[in-house]
Structures are given as structure tokens and as C-alpha cells.
Amino acid sequence: MGPSQSALGERLLSEDSGDAADQLKYQVPTGWAPLPEWCRFLVRLAEKVANSPAVPPLRVALALPTRSYAAAFCTVGAVLASSKGITSEEHLAWLKSLKPGDPIAVREGGRIKRGAFEEITEQNDELYVSFRVQRQGGRHLYPVRSAFHIQPLERKTVELPKHQRGTKIEGLSSFLRELVPGNPLRFLQRSELSCVVVTQKSLFRSELENECLAIETSDGLHTGTLTEVTRVRSFMSSRAIGFRSEAVAPASELDSTLTTAPLIIFDGSRAFLKASSNWPRSHWIVLLDSWDIAFADGVAQFQQGYIQREADPPLISSLNPPSSIQFLAYLAR
Amino acid sequence: MRIRPLQLHNVDRRHQASEQARLYRHTAHHSPFAELSYSITELQRALGENARDETFWAPLLREWKRFRYLASVLPLPFNSPILWSDEAKTLCGRKLKVVRQVASSIEAETAEKIDQALNELRQSGDSPLRDLLGNCLGEQGPGESAILLQDSRHLQLVSSSLCEVVGTSATVLSPVQLKASNNFDRLFLIGPSKWYQLPLLAAPRADELHVLQYDWLSDTNKTTPVFDGVRETGFKGKEFQLVRGIHRRERLLEDEEMLPAQDWHSILRAAARKSEDDFDEVEAKLYLLEDSHGVFFEEDSSVLALDIEIGDLERLAVHELERGMYLALRTEGGGDYMIELADLILGKVHPQARELQKVWKTRLREIIRRRGLTAVGQALTKRGAIRSSPQNVRNWASSKLIRPESDNDFKAILFYTNLRDESQRYLDAARAIDSAHRKAARRIRRRLISEVRKADFTQLELKGRLDFELPGSEGGKLTLFRIRDVSPEAINVASWQVGKPLLLEERRSWLG
């Protein structure tokens, strides 16, 4: 493990995230190379858009020489933006807000157990969290200082079993620990829809799963794939918890959890032309591939929105895109 | 199998090419060909509207312009048969005879001069574009080169000609193949870059883009921003650098004079067949497909299509079809596939059910022939029909429709055609046929989806068509065809033509 578990993730989200992303590497025929500038730009851009105020919606279109991997890196940016860690004070405040019996998730080793909160108690000048994970047996005490092992459980109530082995934590790799800011456990345990990608799902999934990336620290090279960080709901096993994004085909019927997503990434002109009307209040990133048949139609439709815009956005022009990418952004009415 | 994703380092090469690619132009000059090209344009301008006259001017101009265009985009000698076929020569000879008799002396004289110049070129082994390409390729260092042609039909011919004469091992490819390829070190375009209608300057698939063209043709000289009228979009332009030849600024021939255009009137007229059965005429648009095929579809119908960007086979409304999508059509097996399969599903009862269907339709058509659609519609209304407009009556009589949607309408027809006593038999038969057709449609779709999922879409992208053998009782061949274009207008065609792929004559796709 490197000097700080989440150092790279924090830096990736800072203004100088381009420099931090230099530590992400990808495979070239001769070995490992720093992530190309256009990938880092897409991560930065998606993070900026995801962090923008919800109203008015921010709309960004990118004209690209190819849209391969563009949605994948934008998803990474959106997910990281929504995954900023919380402070110990904030976590303690959350613990203190719990009422006896409230459901919690507790990490023990590589497993997650569901538990019921009891109280915060003081012993020998130290604060402890008290909780149970089984119907029978005694209560557990965790010092509050290590209480990041305790996280919210996405349930309204919890029924404790007689015995509990817990669920194996999927996806907690050293690559993820290095990349994700804050507490990776919280990242894995809590579902949060940071973005919806409207795309050809099989190809998007292949891009997320097949390309091996790495982060180099003093411990060595930590390898992984983008699928570990993007945590796309429909690509995860049904028992997995902690999704971070979702991918849908342009013609899909949408459930209500998707229509309120804060950021939509349209992977290609046809995805944009077909599905953008489903998300009038979300932020958009529209990825337009110059080689797509419907490219000109996609550009024309986006420009139509630009003509009717509320205002120009203040933050995008500072992003300094690589010259392979042209972009247009506006704040929608 | 879905489209395989590129590896990230290959994607990065595409971005790098977009940022850093160098654009080079090489021009060739050939005086007799240049003069011939000018003469064709001048004559066309002088003729004005008469240039569209199909009796002689339009066919003549079409053949001359075809020669001029092909000689401008293919690195082949002027005497190559693909540029000027015997069929074209015969046709022009015939039309010129008419011109001599009826056209004004100036126009006839110009036409004679063009014909003479063209005949001289046809004897010539000159090949300015191939020579230029040979010189360029000879000067290149190591690395992978590719030659881009506009039309995949010419790949093999050009490839073997270049291999034989120039001795190059460069890959010759079509735009569709280039789109799916990894980047090259050098890409050679034959003909002006804008004729390709591809983002070759903004997003080239090579580190160097070389345009080889005649100096009397216009072309774009620099890249332009994607988003119109907007500042600060991240746009940094690139410009061509002239390496060989001259950069002519006058007497340039423009795209609209040079490029082939779809002669829809001519294509539609050739594709549509006269129906023997007046009641089976429908209004349909023609979809031009890869590999010189076409297919008619009624606008309010639906079709099984593959959207390769979305990656699935789905039934789409015909009005949703676009260029670049893929249609699933039966290309082998004969007859109407749906009917064959529906008959199999009907089993033993199919001859009787079909016979009953034939009886009421034949009687209805006979009455329509005698009394007309409006009168029949009114008569049916009196007998309880609720939707007997002339158009609906026509549809009910058509063999494409199994039965009226409403039982009231159907019963009125049976009453009117003196089949009232056996109406239950006719209703049952029609219901059985309808149900069998629905089952057949679902079965075909399932089978096709299963076959398509095993297919290599990369091959489909490269070739524009892909054949599937369907095993078992549904045997036959289905083909996915890429849509190249859609006719702007619908025309009346025989209903049996709808949905069936037609082999089209390539010669028709030119405006004179």
C-alpha cells in the first residue's frame, strides 16, 4: 500500500487531477505508459459536470475522433466525483444520529454483516459504538476512531439472524483502494447512482472489463479494470451491493430510479438523438463520434439546444481539452 | 459475437492522428482528360433543362460523367474496361445518331468532340493517378500504408492492378473497412477528400493523409470546426500542404458537377414492376442496400432490423430506418417465408384454410372490379361494416392482409359475397391463419436473433452484408444488408414486391 490509501483518488479530484492521473497507467505493446491526456481530460470533465449545481442543467457535447472508451472514462470521473470520502467528524455525526435498532453494515475481515445499532457508549475515556449482528449472543463494541468499519445499510429495518457469516465483499482490490477517495468500504457498500450511460451495453462492458490499468505506488503496481470503479448496476451480480452507475440501451424502458439520475452520458449520436428527451433535468455529456453516421444530426440537435440556452457555463473553458476533442457547453433552461 | 472493442493504445493512436496528422496533396495533370471534363460540363450547362431529356441527352451525359468520375477516383489507365464498357459505347453510339439528327449544330458538334476525345482516351494506356500513386509509394519509408477507394466494388481490381504494375503491398480498402481498421502510418486517398464524405481531415485514421487528385478538381483545403459559429470549442485547424503538381485556383470543377447522384426517378421506374392484380398495389419507398440491392417497404409497416451501434435485432417501424442500419431479408428459399412457415404451423388444415381465404378474396375482388371501391364500401356499410373506406376495401381484397381487423367488417364481406351461410367456417379459417402467421413471425425472429448473436459484426461492417443459413424447417438464407440510401418519395408497386430484395442495375444511379 502506498503512502496514503486514498491519496491518488483525492488528487484525481483536485484541480490538478490531470497530474494525479499521470499515475494511472495503461498497457502499450512495450509495457506500461501514463494514461493518455484525452482520457485524463474526460475524467476531469465528468467530475466537473457531476459536481456542478443541479440547476440549471449543464450540457456538454464532445466531438471525438472515436468514442471508444470515452464513456468509460467519463463514467470514472462521474463516479469518483460522487465518491468523495467523508471526514471522521461527519461519520461520527452520522453514528450519533442513529437510533437503537437502526440497521447498519459492519465489515469483519473480507465480509460484510448486517447489524442493529444500539448506542454510543464511553469506557475508559474512549467512545465505542455498540451493536449486535445476531439474535443471540452478546453485543459488539467498536472504538469510534475505527468506526469507518460501520456504514449505513440500505434498508429501513433489519432482522438479525440466529447466526451470521456475512456476505463476501466483492471488488475490494488494491487498485480500487488506491483509486477511490475516502473510505473504499463505504464506496463498496453504499449504492449511489452517479450517472447513467446510454450506450451499446455489450461494447461498453467490454471496454470496462477488458482493458487492464494500473496504479504505481511504492508497494509496486496495482492492476485493475475500470469495471471495479464504475460498478455498473446491470453488470454486477444480483447479490452485489454498492452500485455506482448504470448502463442502458437507447431504446430501453426506464424505471423511476434512472430518470432522476444527476448525470447522463450519451455514448454516440444515436443514443443522444433517441434518448435525451428522457432526462430533461439532468446534466448531460454527449459523446459524438465524427465517424458515426448520425454525427451531423447529433451535432445539429445539440446546437439547437445551445441556441436556446440559459447561459454559458463558467467552468468548462478552463479544462483545456486536447486538440483531438472539440466541445460545446451550455446551461439549459 | 459483438463488435470487438479496440485496445486503448489503438484508440489513443486515433486521438494522436486527429491532433497531429499531416495533410499532403499531390495533383496530376492530363490535358486531354481535363479538356474532356470541361467539355462535358460546358455542354451540360449549355443544355440547361434539356440535359434531363431521357430520349438522348440524359443517357449520353450519364455515361460520359460516369467515365469522368471513375477516371478521377480510380488509379487505373484510361483504357481500363471498368471505366468505359462496351455497353456504354453502344448506347452512346445510338444516342449520338439521334443527336446528329435533332440537336442544334453547336450542341451536336460539341457532343461529337466529346465522343471523339473519349474514344481517344479509351485507346490510351495513360494512368496519371496510378503513376502519381506509384511515385508517392516509392518515396515512403517503413510503416503501413493504405489506399482508400470510394467504392468497395473496385477494391480487388485496383489492388491487383497496383500489385502488378506498381508492385505495392499497400492495403486497398473501402471507407467502411477504414472505419473498422486500426490506424495506418499513411493513408492515400484517390480523388478529392470531400468526395468521401468522411471526417478524414478532422479524424484521419493515419499519421499522414495524402490526397491524390487531378488539378482541375476542387477540394477542401483545411479543417473546419464541428460546432458552427461558436468560439472556444477547442478547435485547432489543420491545412493541406501541396507536395506535387500545382494548386489551381481557376477553372475548377465543383462537386455537384462531378459526383454521382441517385437518379431516383430512373431507379424507381426500373425497380417497380407492374402488378397483374390492381388490388395488390401499395405505396412504398425504395431502400437502397449494399451490394447493388434494394427493397420496397410501405411506410406504415415494420421490419426486422439490426442497429449495430445499439447492438441488437429489433422490429422497427419503417419510418425509423436510417442509412447505416441493417435490414434482415430473406434472400434464398423462394416464396414468402412467413407464409411457408405459417403453413407448416397450420399443419393439415392449411390447404383448406388457404382455400377458404382465396374464395372470399376472389369474390370480393371480382365485385370491386365490376362496381368500384366506393360502391363496394357503401354496400358493405349497409351490411354492417364499420370501417369500409375505399382504401380499407382495397386492403381487405389484397393478398397481403389476412382478414379485416373487425369481425363486423369481415361478416359484412361474407354477407356481401354470398358466403353468409358458412361465415363461421370462414371466420375460423381466417383466425387460424392469423394465429399461425403471428407464431411464424415470432419463431423467425427467435431463430434469426440466435443466429445473429453468433455472427461476427466486424465482418458485417466490412462487407455491408452478411448471410445466415437457417437450419431445420425454417431453412433458407437470410441476409443482413446495410442501408445505403432511401428514396425521397414513395411510389405504387405490386404488393408482392414489398420486403423482397431486388438486384438493381448500378448504371441507374447516375444523373445525366
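**Entry 1: a sheet in chain A**

In which sense do strand β1 of chain A and β2(A) pair, and over how many bridges? I looked this up before anything else. Strand β1 (residues 24–28) of chain A pairs with β2(A) in the antiparallel sense, over four bridges. I note here that the model is predicted.

Within that pairing, I found A:V28 opposite A:G31 in β2(A). I then asked what packs on the sheet. Helix α1 (residues 8–20) of chain B does, touching β1 and β11 (212–217) of chain A. The direction of this helix makes about 95° with that of β1(A).

I followed the sheet across. It is open and has four strands, in the order β2-β1-β11-β12 (chain A), with antiparallel pairing. The edge strands are β2 (31–34) and β12 (220–225) of chain A, and each pairs on one side only. Neighbouring strands are turned by 40° against each other on average, direction ignored.

**Entry 2: helix α8 of chain A**

I stayed in chain A and checked α8 (residues 201–210). Its buried residues include A:L203, A:F204, A:S206, A:E207 and A:L208. What do the buried residues of α8(A) pack against? I found α4 (70–81), β10 (195–198), β12, α9 (226–230) and β13 (245–248) of chain A. So β12 turns up again, as I had it down as an edge strand of the sheet.**Entry 3: chain B as a whole**

I turned to chain B and took its overall figures. Its secondary structure comes to 17 helices and 15 strands. The C-alpha trace spans about 85 × 65 × 50 Å along its principal axes. Of the 512 residues in chain B, 53% are buried. Chain B exposes about 23,900 Å², and carbon and sulfur atoms supply 46% of that area.

I also looked at contacts in chain B with a separation of 6 or more. Residues 24 or more positions apart account for 71% of them.

**Entry 4: nonpolar cores**

Which residues touch the most other members of the largest nonpolar core? They are B:W64, B:F67 and B:I147, in a core of 72 residues. Helix α3 (residues 57–73) of chain B gives the most to this core, with nine residues.

I picked B:F67 and listed its contacts, leaving aside neighbours within four places in sequence. They are B:F33, B:L36, B:F78, B:L83, B:W84, B:L118 and B:L121.

Another core lies apart from this one. It has 64 residues, among them A:V60, A:L160, A:L319 and A:I325. A general point for my margin: in soluble globular proteins, nonpolar side chains tend to be buried together.

**Entry 5: two residues around β7 of chain B**

I looked up B:A284 in strand β7 of chain B. Is B:A284 buried or exposed? It is buried, with a relative accessible area of 0%. Not counting residues up to four places away in sequence, B:A284 touches B:F296, B:F297, B:E298, B:E489, B:A490, B:I491, B:V493 and B:V498. I also checked B:A284 against B:M338, 54 residues apart along the chain. Their C-alpha atoms are separated by 20 Å.

B:E290 sits in the loop between β7 (281–289) and β8 (293–297) of chain B. At 15% relative accessibility, B:E290 counts as buried, because the cut-off is under 20%. With residues up to four places away left out, B:E290 touches B:G464, B:F481, B:R482 and B:R484.

**Entry 6: cysteines**

How many disulfides does a search of the whole structure find? The search finds zero over all chains. B:C136 is in no disulfide, and the nearest cysteine sulfur, that of B:C163, is 18 Å away. I noted B:C136 as buried, at a relative accessible area of 0%. B:C163 is partly exposed, at 47% relative accessibility.

**Entry 7: backbone oddments**

Most residues other than glycine have a negative phi, and most peptide bonds are trans. I looked for departures.

The peptide bond from A:V55 to A:P56 is cis, with omega near -5°. A:P56 lies in the loop between α3 (37–51) and β3 (58–64) of chain A.

A:D125 has a positive phi, near 65°. I found A:D125 in the loop between β5 (111–123) and β6 (126–132) of chain A. It counts as exposed, at 76% relative accessibility.

B:R251 has a positive phi too, near 55°. Its place is in the loop between β6 (240–244) and α9 (255–258) of chain B. B:R251 is partly exposed, with a relative accessible area of 47%.

Conventions. Residues numbered from 1 in each chain as written. Chains lettered and ligands numbered in written order. Predicted model: local features only at pLDDT ≥ 70, side-chain atom pairs only at ≥ 80, totals over all residues. Heavy atoms only, no water. Pairing = 2+ DSSP bridges. Axes fitted to C-alpha atoms, helices over the stretch in contact; angles between N-to-C directions. Contact = heavy atoms within 4.5 Å. Disulfide = S-S within 2.5 Å. Buried < 20%, exposed > 50% of the residue type's maximum accessible area, 1.4 Å probe, protein only. Areas by Shrake-Rupley, 256 points an atom, 1.4 Å probe, with all protein chains shown as cover. Core = buried A, V, L, I, M, F, W, Y, C linked by side-chain atoms within 4.5 Å.
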